[in-house]
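Let's walk through this model together, one question at a time. Have the sequence and the 3D view at hand as you read.

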Amino acid sequence: MAELIDVGLIRLDTDLGPTKDDVLAALAADIVAAGRADDAATLVADLQAREAKAATGMKGGIAIPHARSAAVNRPTLAFARLRPGVEFGAKDGAADLVFLIAVPEGGGNEHLAILANLARGITRAEVTAALREAPDAEAALAVVCGVLEPAAPAAKAPAPAPAAAGTPVRLVAVTSCPTGIAHTYMAAEALQAAAARAGVEIAVETQGSSGATPLPASTIAAADAVVFATDVGVRDRARFAGLPVLSTGVKRPIDDGDAVIAEAVRIASDPHAARVSGEGRGAEPSSAAGGEESWGGRTRRVLMTGVSYMIPFVAAGGLLIALGFLLGGYDSANVAGDILVKHTLFDPPSPSAYNLDHALFGSGTALYLGVLLFVIGKAAFALFVPALAGYIAYAIADRPGLAPGFVMGALATNLSGFAVIDGSQSAPQTGFIGAIVGGTIAGLIALWITRWSVPTWARGLMPVLVVPLLTSLLAGLVMLLLLGRPITWLMDRLTDGLNSLDGSNAIILGIVLGAMMAFDMGGPLNKVAYSFAVIGIGDAALSPDAPELKIMAAVMIGGMVPPLAMGLATAISPRLFNRAERENGKAAWLLGASFISEGAIPFAAADPLRVIPSVVAGSAVAGGLSELFGVTLRAPHGGIFVLFAVDGVLWFFVSLAAGTVVAAAMVVALKSFGRGPVADEITVADEDTAAPTPALVG
């Protein structure tokens with residue numbers, strides 16, 4: 001393992017200073033002297049930045065400071081046995097064994113995998129004992145190399161049988177830390193060891209810098225609970241939807257793995273434990289590393305990632321715009337810039353001076369606040385197309401695709417491109433279709449570039465310069481020179497088609513969108529319908545009769561029907577539902593009123609053949625009636641709490657009530673056919689159908 005460490009990078013029984021910064025500086029100087037890094041100051045700064053995120057001191061007198069750094073030109077390990085020890089933040093005192101791991105920024109994964117083995121191995125008692133007893137640097141090097149050398153893993157002894165009779169508890173876990181080099185793998189090792197001692201089965205997914213092998217969907221489906229031992233976000237968290245979850249920092253399993261496993265075992269049998277929210281357990285992971293993801297699944301995953309990250313921009317921006325209209329009136333948007341330039345909160349405009357008679361209470365302060373909210377909301381809303389493109393690229397190429405994807409989204413909305421240069425109105429405006437296409441192209445190009453084999457000296461430049469520069473250039477040229485105008489033509493045709501919808505065509509569209517909102521209640525079809533609606537309400541919010549506003553109303557009403565219908569059904573025919581379902585029915589009223597379709601999921605999961613057709617029919621009726629009555633909505637979310645943004649409030653409630661009654665009547669009729677009253681006993685299965693954590697989108 002001379003490529004990672006040699007005797008020149010080992011110090012034994014040395015005093016490097018009283019603080020960890022002194023130790024980091026001394027070991028960084030050794031790495032520079034060995035020709036493995038170019039600048040000690042930069043390396044020390046990167047190490048200190050990592051220390052600021054979380055202490056790297058471990059139980060047992062061990063510290064593993066580590067960092068990615070542009071100053072490092074090859075993966076390196078330095079080791080020091082300190083006399084006296086130095087505090088690195090461990091709970092049990094100072095560290096006397098310090099392993100400094102330094103890797104190039106954007107370096108390859110093969111060395112990171114070896115360093116991951118080190119992180120797993122150095123916490124073993126026999127390894128630390130050998131290092132403390134090593135008589136010289138050569139002996140210490142031999143111990144470290146023994147840990148680093150890739151060897152066939154020994155067959156694991158079967159876990160001891162649990163004390164209680166029955167099937168052992170099955171756990172899954174995800175570990176990750178900000179740099180993904182050391183703590184990620186040490187936490188995994190600690191969890192596996194603690195699970196073995198407890199007689200518990202566990203499968204751990206390490207989301208580290210050396211890559212991750214996603215847990216098989218079958219393993220997740222068979223699990224009783226999940227442990228997230230992470231200091232960063234969990235990739236593809238929705239795969240674990242529905243599982244009882246224990247969330248903790250990555251260091252806790254290392255310090256007290258037994259307590260973590262014990263707590264995970266407890267929540268596995270607790271029907272009231274917090275659970276992972278999402279569409280459903282066992283979805284395919286976003287990484288294709290497992291080789292199991294189909295093209296259809298990959299396409300769905302990429303698009304859903306973009307849509308999921310887009311939705312907060314839409315919801316925040318749309319609601320702020322709607323609140324701005326409530327305070328200042330719809331016409332205030334036309335003079336927003338002038339009001340902001342000429343007035344302040346302490347010198348508000350006069351509504352009559354701007355011929356704005358619809359400001360709330362005729363107040364100049366309300367008008368000014370309304371303009372502020374409108375401008376903020378418009379800015380947030382303008383970012384949803386770049387966010388869609390950026391996170392589509394992210395889903396394909398991970399972080400290297402993010403910046404180029406945002407650039408493609410900016411091009412799609414004319415934040416850059418021809419119109420910025422010449423101000424022409426004929427510049428390509430490719431909208432959300434351009435965002436999807438541009439984000440996909442950017443992601444594919446970024447993924448291709450990250451797989452290039454480059455010299456060691458260039459690895460640090462890849463993620464910060466080469467990938468974003470080349471990807472933005474190549475994808476941008478493709479969009480502007482080849483695809484911009486064809487996609488603009490397609491967007492124009494779609495816009496013309498929406499504007500021409502009236503009569504029976506509009507009603508049919510409302511029926512289809514309403515049915516889609518209810519079919520999977522927060523799933524892919526639901527999000528497709530919702531995305532279709534919110535795409536058009538940005539500029540359309542200024543027009544009282546824009547067809548996009550009618551579509552938004554039909555979608556929201558259709559999404560409110562399923563939980564409201566189940567609430568009504570449990571109220572009028574409680575004997576058809578068990579006690580847990582009746583309790584869920586009470587919560588469903590508020591969830592439905594808030595436009596959270598997921599409130600009906602417990603009922604659909606327990607009886608899909610009766611519930612899903614019923615709520616689909618009810619939502620289709622509601623969506624069709626909304627289009628028939630011409631209801632419009634300027635807010636993308638909120639249910640009955642955004643009635644101020646509804647035109648045609650009476651018909652809004654008529655459509656909603658009709659769809660709810662139809663769905664509830666069908667559920668009651670189908671459940672009554674050939675079935676008697678349902679027993680009131682609450683079983684474990686009943687408890688497991690408790691209402692899920694509400695999601696943002698109906």
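Q: Which elements do the buried residues of α8 pack against?
A: Keep in mind that this is a predicted model. In α8, the buried residues include I254, V260, I261 and I267, along with K251 and D255. The buried residues of this helix pack against β2 (57–58), β7 (170–176), α6 (183–198), β8 (201–206), β9 (225–230) and β10 (245–248).

Q: How many Å apart are the end C-alpha atoms of helix α8?
A: Helix α8 covers residues 251–268, which is 18 residues. At 1.5 Å a residue, a straight helix would reach 26 Å. The ends of α8 fall short of that, with their C-alpha atoms only 22 Å apart.

Q: On which residue is the kink in α8 centred?
A: The kink in α8 is about 105 degrees. Its centre is on a residue that also belongs to the buried set of α8, together with P253 and A264. That residue is G257.

Q: In what order do the four strands of the open sheet stand?
A: Start from the pairs: β7 and β9 are joined in the parallel sense over six bridges, while four bridges link β9 to β10, again parallel. The edges are taken by β8 and β10, each with a single partner strand, so one side of each has no neighbour in the sheet. From one strand to the next, the twist averages 15 degrees. The order is therefore β8-β7-β9-β10.

Q: Which residue of β9 is the bridge partner of A173?
A: Two contacts across the sheet help you find your place: V174 stands opposite F228 in β9, and A229 stands opposite T248 in β10. For A173, the bridge partner in β9 is V227.

Q: Are the residues of β9 that point each way buried or exposed?
A: A225, V227 and A229 point one way from the strand. V226, F228 and T230 point the other way. A residue counts as buried when its relative accessible area is under 20%, and for β9 six of its six residues are buried. On both sides, then, the answer is buried.

Q: At about what angle does α8 run to β10?
A: Two helices can be placed against the strands here. α6 lies across β7 and β8, running at about 175 degrees to β8. α8 lies across β7, β8, β9 and β10, and its angle to β10 is about 160 degrees.

Q: Which strand holds the proline that follows R83 through a cis peptide bond?
A: The bond from R83 to P84 is cis, with omega near 0 degrees. To place it, look for P84 within residues 76–86. Those residues make up strand β5.

Q: What is the relative accessible area of D13?
A: D13 sits in strand β1 (residues 10–14). Its phi is near 50 degrees, a positive value in a residue other than glycine. D13 is partly exposed, and its relative accessible area is 41%.

Q: Is F595 buried or exposed?
A: You will find F595 in the loop between α21 (579–593) and α22 (601–606). F595 is not a glycine, yet it has a positive phi of about 65 degrees. With a relative accessible area of 0%, F595 is buried.

How values were computed: Residues are numbered from 1 along each chain as its sequence is written. This is a predicted model: local features need pLDDT of at least 70, side-chain atom pairs count only at pLDDT 80 or more; totals for chains, interfaces and linings use all residues. Side-chain values use heavy atoms; hydrogens and water are left out. The expected span of a helix is 1.5 Å times one less than its number of residues. The bend at a residue is the angle between axes fitted to the seven residues ending there and the seven starting there. Buried means under 20% relative accessible area, exposed over 50%, partly exposed in between (1.4 Å probe, protein chains only). Contact means heavy atoms within 4.5 Å. Two strands pair if DSSP finds at least two bridges between them. Axes are lines fitted to C-alpha atoms, for helices over the stretch in contact, and angles run from 0 to 180 degrees between N-to-C directions.
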